[in-house]
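Welcome! Let us take a friendly walk through this structure, one part at a time.

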Amino acid sequence: MNGRVIALCGNPNTGKSTIFNTLTGLKQHTGNWSGKTVGAVCGRFEAFTIADLPGMYSLNAKSPDEEKAVEFLKNNEAELTAVIIDGTCIERNLILALQIADITKRVVICINMMDEAANKGIEIDIKGLEGELGLKIISMAAGRGKGLEGLKQVFYDGVPDRDIKGLKNTEYYNKRARELYKKYISAKKEASEYFDRKIDSLVLSGRWGIPLTMLVFIFMLWLTVAGANYPSALLARFFAFSKALLYDALTAFGVNEALKDLCVNGIFGTVGEIVSVMLPPMAVFFPLFAFMEDLGFLPRIAFNLDRFFKAAGTNGKQALCMCMGIGCNAAGVISSRIIESPKERRAAVLTNAFMPCNGRFPLIITLSVMFFSVGGFTSLVSALSVFGALVLGTVMTLIVTKILMRGEKSSFVLELPPYRRPRIRRIIINSIKDRILFVLSRAVMAAVPAGIVIWLLKNISLSGISLMNYAAGFFDPLGRLMGLDGCILTGFILGIPANEIVLPLILMMYSGSGSTAEILISNGWTAKTALCAVIFCLFHFPCTTTLLTIKK
């Protein structure tokens, strides 16, 4: 690491990664659950290197990531260690702060989420606590940008060196934190705390927890399907019109027919199909998913699913990895590092691909809208179909996990964050920048070379038969056994760089013109074909990025 090193550490779910992202500008994921920061991620802030250490509850490390963080702190590799504390549960957070203060030379304490603490009726005597501990303490509400300037100033000014006393026993720190809490913190029960408990009495109940979770996901998927239909058709018409304009423009410039066909039908056609199919559902689903994440609902899904994963020999942490996999399987694989047991971690890694990622979700949604609709309930039936795919992926995850774990037993402790008012502006901006545009750019980059390859395969012939037809013919018997055909199977195989390009590849291999549905139906697709394609899409190999991540 270059430059003066600043370490950020603290309990999980204290807003540590939010501070890191704000300082460095890096787009680290800031999900509202514990244990998601699983490595010492580094970024630059002016003359400083900021190290975001894994969340931990104490220096008695249990996981490999916690061990790395403790080693980093004990070696005093950082010029300054900033301990981030959640102001809404300061008593427990103080235990880690006291431990760190005994093993590091330069420490500053940042009491974050002070706005939420105030809403809960918690008052903290910061000056008194600062004097008692002999440490600089900064009041912060990082999510709203408050207190960050004070923290930056401490980076430049520094803090006095402290004598390293060494770690004492756990009982000492527990007792000390309770003493400080009684002396400098006053709290009164507020309506928000009762509200949280009342909601959780339903959301986390054995009777209503799972049904409510299912209803929430069905509602999200219904909004996605209903909101994506019209924009998708509009984009398809726009790209069809644009193709005609591009063709005329190239003709006016005297471009030869082969190059013109490559540009229009090979490259631009593939890109147009990807954008029109993927953009609308992503533009609806990802902000909704981020909304539930920011609200604090996703950790409760892990809690509700824990009983099922416990029966499979692992625990609810795997559900957190599953939720990450819905966004990106590679991210889901990386997040499995929060699981301490190597065997459980391996099961989470190998089963994460059963969750439909950014690239597969639009395909599943598109086929559900086209082939699984009933009368005036098109959106609802399609949403139920997509939800059925999610349930099937979850069931297969549990079955394979059970096989891999072979009777192992596990348990875990999950800290449930309070329900928080989602920050709509941040959700929309982050969804567009970090998910929608990222996935689209990745898909387009994969689509351009894929479009060229497919065009070449279609236009290079041997004995009057194109290489594409050779490939489709070779895979056709196997595809028919699975309810598919050779073109569909070839599309999935050629789409291994990015799942986003599978449907455009299939459409390019088929003959015919018109809308996506018209092309598929004219080439023999039925509801049965679509169902088999959805199941194959759900269970086939993940993209190259995920495979490389698994290998690493």
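Before looking at the strands, one definition helps: two strands count as paired if DSSP finds at least two bridges between them. Keep in mind, too, that this is a predicted model.

Start with strand S1 (residues 4–10) and strand S4 (residues 80–86), which run parallel and are joined by 5 bridges. Within this pair, Gly10 stands opposite Ile84 in S4. Running parallel is one of two options, because strands of a sheet pair through backbone hydrogen bonds either parallel or antiparallel.

Now widen the view to the sheet. It is an open sheet of 6 strands, in the order S2-S3-S1-S4-S5-S7, and its pairing is mixed. Strand S2 (41–45) and strand S7 (136–139) stand at the edges; each has a single partner strand, so one side of each is left without a neighbour in the sheet. From one strand to the next, the twist averages 25°.

Helices come next. Helix H3 (residues 90–101) packs on the sheet, where it touches S1, S4 and strand S5 (107–112). The direction of H3 makes about 165° with that of S4. Helix H6 (residues 148–157) lies across S1, S2, strand S3 (48–52), S4, S5 and S7, and runs at about 155° to S7.

Finally, turn to the surface. Which residues make a nonpolar surface patch of about 490 Å²? They are Leu350, Leu404, Ile493, Ile496, Phe541, Leu547 and Ile550. To find one of them, look at the loop between helix H19 (486–494) and helix H20 (502–509), which holds Ile496. Ile496 is partly exposed, as its relative accessible area is 30%.

Terms used:
Residues numbered from 1 in each chain as written. Predicted model: local features only at pLDDT ≥ 70, side-chain atom pairs only at ≥ 80, totals over all residues. Heavy atoms only, no water. Patch = residues over 30% accessible without salt bridge, like charges linked within 9 Å, V, L, I, M, F, W, Y side chains within 5 Å. Areas by Shrake-Rupley, 256 points an atom, 1.4 Å probe, with all protein chains shown as cover. Salt bridge = Lys/Arg side-chain N within 4 Å of Asp/Glu carboxyl O. Helix = DSSP H or I, 4+ residues; strand = E, 2+ residues; numbered from the N terminus. Buried < 20%, exposed > 50% of the residue type's maximum accessible area, 1.4 Å probe, protein only. Axes fitted to C-alpha atoms, helices over the stretch in contact; angles between N-to-C directions. Contact = heavy atoms within 4.5 Å.
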